[in-house]
Amino acid sequence: MSEQRNTHRNPEMARTGWSDDETRSLVQLYFHILALEKAGKLGRAKGQTTKRSLVTGWREAHAPQRSHGSVEMKLMNISASCEALGLDRVQGYKPMARRSKALDEMVARLAGLAPLLALMALIAA
């Protein structure tokens, strides 16, 4: 039987969920990246920044225990939430098929769609 190898930097974080603080901060970064993208300030040209450098900087500052791939997957989940809410999404972060209701709610709150959330809750009740 072959041994499964854990590729996470911190094996204890391999199966833990994202905290609200981590998620909130990453959603805020996502919207920052989206604003830069819309303004044409994201890319490889001189004076521009890249998504990768922003994500790497965020990970080092806010979630050094998480792999780059883990952060990228969460960004794709955020894209899925944005798409489901009818919001623009960052190019290159293909929406994932599965996302959580909690992530949808956080994205909606941070996008200023709290009234829409209240209406959705009333309709679902």
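In this predicted model, L122 is exposed, with a relative accessible area of 65%. The residue belongs to helix α5, which spans residues 114–124, and together with L119 and I123 it makes a nonpolar surface patch of about 350 Å². Over the protein as a whole, about 8300 Å² is exposed, and carbon and sulfur atoms supply 52% of that area.

The fold that carries this patch is helical, since the protein contains five helices and zero strands, and the order of its elements from the N terminus on is α-α-α-α-α. Of its 125 residues, 35% count as buried. When contacts between residues at least 6 apart in sequence are considered, 52% of them join residues that are at least 24 apart.

Charged side chains contribute a further set of features. Side chains of opposite charge can pair when their charged atoms come close, and the structure holds six salt bridges. Among them is the pair formed by D21 and R24, whose closest N and O atoms are 2.9 Å apart. Both of these residues lie in helix α1, which covers residues 20–38, and they are three residues apart, or about one turn of the helix. D21 counts as exposed, at 56% relative accessibility, whereas R24, at 32%, counts as partly exposed.

Another salt bridge within a helix is found in α4, where the side chains of E105 and K101 meet with an N to O distance of 3.9 Å. E105 and K101 are four residues apart in helix α4, which again corresponds to about one turn of the helix. Here the acidic residue E105 is partly exposed, with a relative accessible area of 30%, while K101, at 63% relative accessibility, counts as exposed.

A further salt bridge joins D88 and K38, with the closest N and O atoms 2.4 Å apart. D88 lies in the loop between α3 (68–84) and α4 (101–110), and K38 lies in helix α1, so the pair ties together parts of the protein that are 50 residues apart in sequence. Of the two partners, D88 is partly exposed, with a relative accessible area of 43%, and K38 counts as exposed at 57% relative accessibility.

Technical notes
Residues are numbered from 1 along each chain as its sequence is written. This is a predicted model: local features need pLDDT of at least 70, side-chain atom pairs count only at pLDDT 80 or more; totals for chains, interfaces and linings use all residues. Side-chain values use heavy atoms; hydrogens and water are left out. Patches are made of residues with over 30% relative accessible area and no salt bridge: like charges are joined within 9 Å, nonpolar side chains (Val, Leu, Ile, Met, Phe, Trp, Tyr) within 5 Å. Accessible areas come from the Shrake-Rupley method with a 1.4 Å probe; for residues, only the protein chains shown count as cover. A salt bridge is a side-chain nitrogen of Lys or Arg within 4 Å of a carboxyl oxygen of Asp or Glu. Helices (H or I, at least four residues) and strands (E, at least two) are DSSP runs, numbered from the N terminus. Buried means under 20% relative accessible area, exposed over 50%, partly exposed in between (1.4 Å probe, protein chains only). Contact means heavy atoms within 4.5 Å.
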